[in-house]
Amino acid sequence: MPKRFKTLVVAFALSIVPLTTVASSHREAPLITEDQTADNTDVWVFRSADRPDFVTIIGSWIPLQEPGGGPYFYNFSPDAVYEIHIDNNGDAVEDITYSFKFRTENRGDSSLYNLGPITTLDDADWLYRQFYTVTRINGDRRTGSRTTLGTNLPVPPANIGPKSTPDYAALSNAAIRDLTGGGRVFAGPSDDPFFIDFSVFDLLTLRPIQQLHLVPPVSPMANGVDGLRGFNVHTIAIQVPLSAVTNDGQAPGGATAANAIIGVWASTSRPRLTILSAGGDRTRRSVSGDVQVSRLGMPLVNEVVVPTSLKDVFNASEPKDDAQFLPKVLDPELPKLFKILYNVDSPPPPRNDLVQVFLTGIPGVNMPPNVKPSEMIRINLAVAPSASPNRLGVIGGDMAGFPNGRRLVDDIVDIDLRVAAGVLVPAFNRAPNNALTDGVDANDLPFRSAFPYVALPHRGTDSRGRSQNP
């Protein structure tokens, strides 16, 4: 998928802090385009009003899934290790990792995915299944102490259609499982929760305000079109007590408490060696451990901030080494495109303020004490969830939203477009800077009100292809 430009500025209380960042990551680097099942597309971390004493972390993988892509539908890779990492002391190194490992079972000598309707997760008519193990690692992800939280947990099937999966909601909900020590987990297909008008990749075309183009204009269109509508991803969601992720094992007592802020990112790793044999059999062998092939924290950093020559490096890197990307943070490309394409002026470089959103967190909001600069999504766990979330997050007056964590409803595109144009710098809070929008304000499907919150996947028989898009 083409690159998604994004930027962010945050105001907290009476202070104004301009920031720049980016959003979701689909096909963000050359090597990962060749390894779709390892490609991490998005990360979210938030507290929810229905379970305020818990924190939810969601990661999505395997982008741009056409729902009708059978007869063997998309699956997690049994060769990969999918991980969610937490830094709870600001030193840019993981203190806690939740590790997910999948296995596949083929239960029949048939060319079919299923022989009849799949009505339960142990239905004999369902032949091609996946199961997974969840492990918590304290300390270094490779060498730390390990505790198994769940084994042989089921992945729900693909949402094939009304004959094969007549009650898909029941199948998906049955795959929500409790974890040892408290918490819940889900892994399986879902709708892609991200929303964006792909016209932004056509020289930053914004349908609602196309008349601003300096190039010959096209006819204005009032609404944007969600380019990801109808596509699915594979989602891993975990919900654990706040005390399970803090640095002292206690729920934070206030926003300024030393244990209140955590940083979150996700990764995918594979064994270093692959052996292929005749007939397509494949054997993976670990040589000096696994190698990380995908990494994602703050949305779209790799697409927009990191230059092409370093995109694969970023996917293999760790947060503690992120100072190497500082030059592109100080002088981002998006404001330059605004000027060229729309004649919109933005604050000039160097953008020292952007270091806060990418590498340190925001003072008074989500910057941990003694922080080491590093890129990840940071959340202050002491900020209560909002019962009525504002899609613009912090810049909309909702302190429980992006970039203080990231919720499914947060409209990253509109936030970042306006902030990239400098709306929180008084001299730049003017039209058209403060009206930039892609015209897509919400996901194509409603999110669930309870864990795992993501919408059910689109079913294969409803596949509409891309012909629906103007």
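The legends below describe close-up views of a predicted model of a protein chain.

**Figure 1. Overview of the protein chain in the predicted model.** The chain has 470 residues, of which 55% count as buried, and its secondary structure comes to seven helices and 14 strands. Among the contacts with a separation of 6 or more, 66% are made by residues 24 or more positions apart. The chain exposes about 17,900 Å², and carbon and sulfur atoms supply 54% of this area.

**Figure 2. Close-up of Gln-292 in strand β13.** The strand that holds Gln-292 covers residues 282–296. Gln-292 is classed as buried because its relative accessible area, 8%, falls under the 20% limit. The side chain of Gln-292 is joined to the side chain of Arg-141 by a polar contact of 2.7 Å, while a polar atom of the Gln-292 side chain also lies 2.8 Å from the backbone oxygen of Ser-317. Once neighbours within four places in sequence are left aside, the residues in contact with Gln-292 are Arg-141, Arg-142, Ser-267, Thr-268, Ser-269, Asn-315, Ala-316 and Ser-317. Both Arg-141 and Ser-317 thus appear in this list of contacts.

**Figure 3. Close-up of Arg-177 in strand β9.** Strand β9 consists of residues 177–178. Arg-177 counts as partly exposed because its relative accessibility of 31% lies between the limits of 20% for buried and 50% for exposed residues. Apart from residues up to four places away in sequence, Arg-177 touches Leu-121, Leu-153, Pro-154, Gly-183, Arg-184 and Val-185. One of these residues, Pro-154, is 23 residues from Arg-177 along the chain, and the C-alpha atoms of the two are separated by 8.7 Å.

**Figure 4. Close-up of the largest pocket in the protein chain.** The space in this pocket comes to about 350 Å³. Its lining is formed by 16 residues, and those closest to the centre of the pocket are Phe-46, Ser-48, Pro-389, Val-409 and Tyr-453. By residue class, the lining of the largest pocket divides into nine nonpolar, three polar and four charged residues. Empty space of this kind is found by rolling a probe the size of a water molecule over the atoms, which shows where such space is left.

Notes. Residues are numbered from 1 along each chain as its sequence is written. This is a predicted model: local features need pLDDT of at least 70, side-chain atom pairs count only at pLDDT 80 or more; totals for chains, interfaces and linings use all residues. Side-chain values use heavy atoms; hydrogens and water are left out. Helices (H or I, at least four residues) and strands (E, at least two) are DSSP runs, numbered from the N terminus. Buried means under 20% relative accessible area, exposed over 50%, partly exposed in between (1.4 Å probe, protein chains only). A polar contact is a pair of N or O atoms within 3.5 Å; within protein, one must be able to donate a hydrogen and the other to accept it, and residues adjacent in sequence count only if both atoms are side-chain atoms. Contact means heavy atoms within 4.5 Å. Accessible areas come from the Shrake-Rupley method with a 1.4 Å probe; for residues, only the protein chains shown count as cover. On a 1 Å grid over the protein atoms alone, a cavity is a set of points where a 1.4 Å probe fits but cannot get out, and a pocket is an open set with protein on both sides within 12 Å along at least five of seven lines; lining residues have an atom within 4 Å of a point. Grid points are joined across faces, edges and corners, and a volume is the space filled by probe spheres set on the points. Ala, Val, Leu, Ile, Met, Phe, Trp, Tyr, Cys and Pro count as nonpolar, Asp, Glu, Lys and Arg as charged, and the others, Gly among them, as polar.
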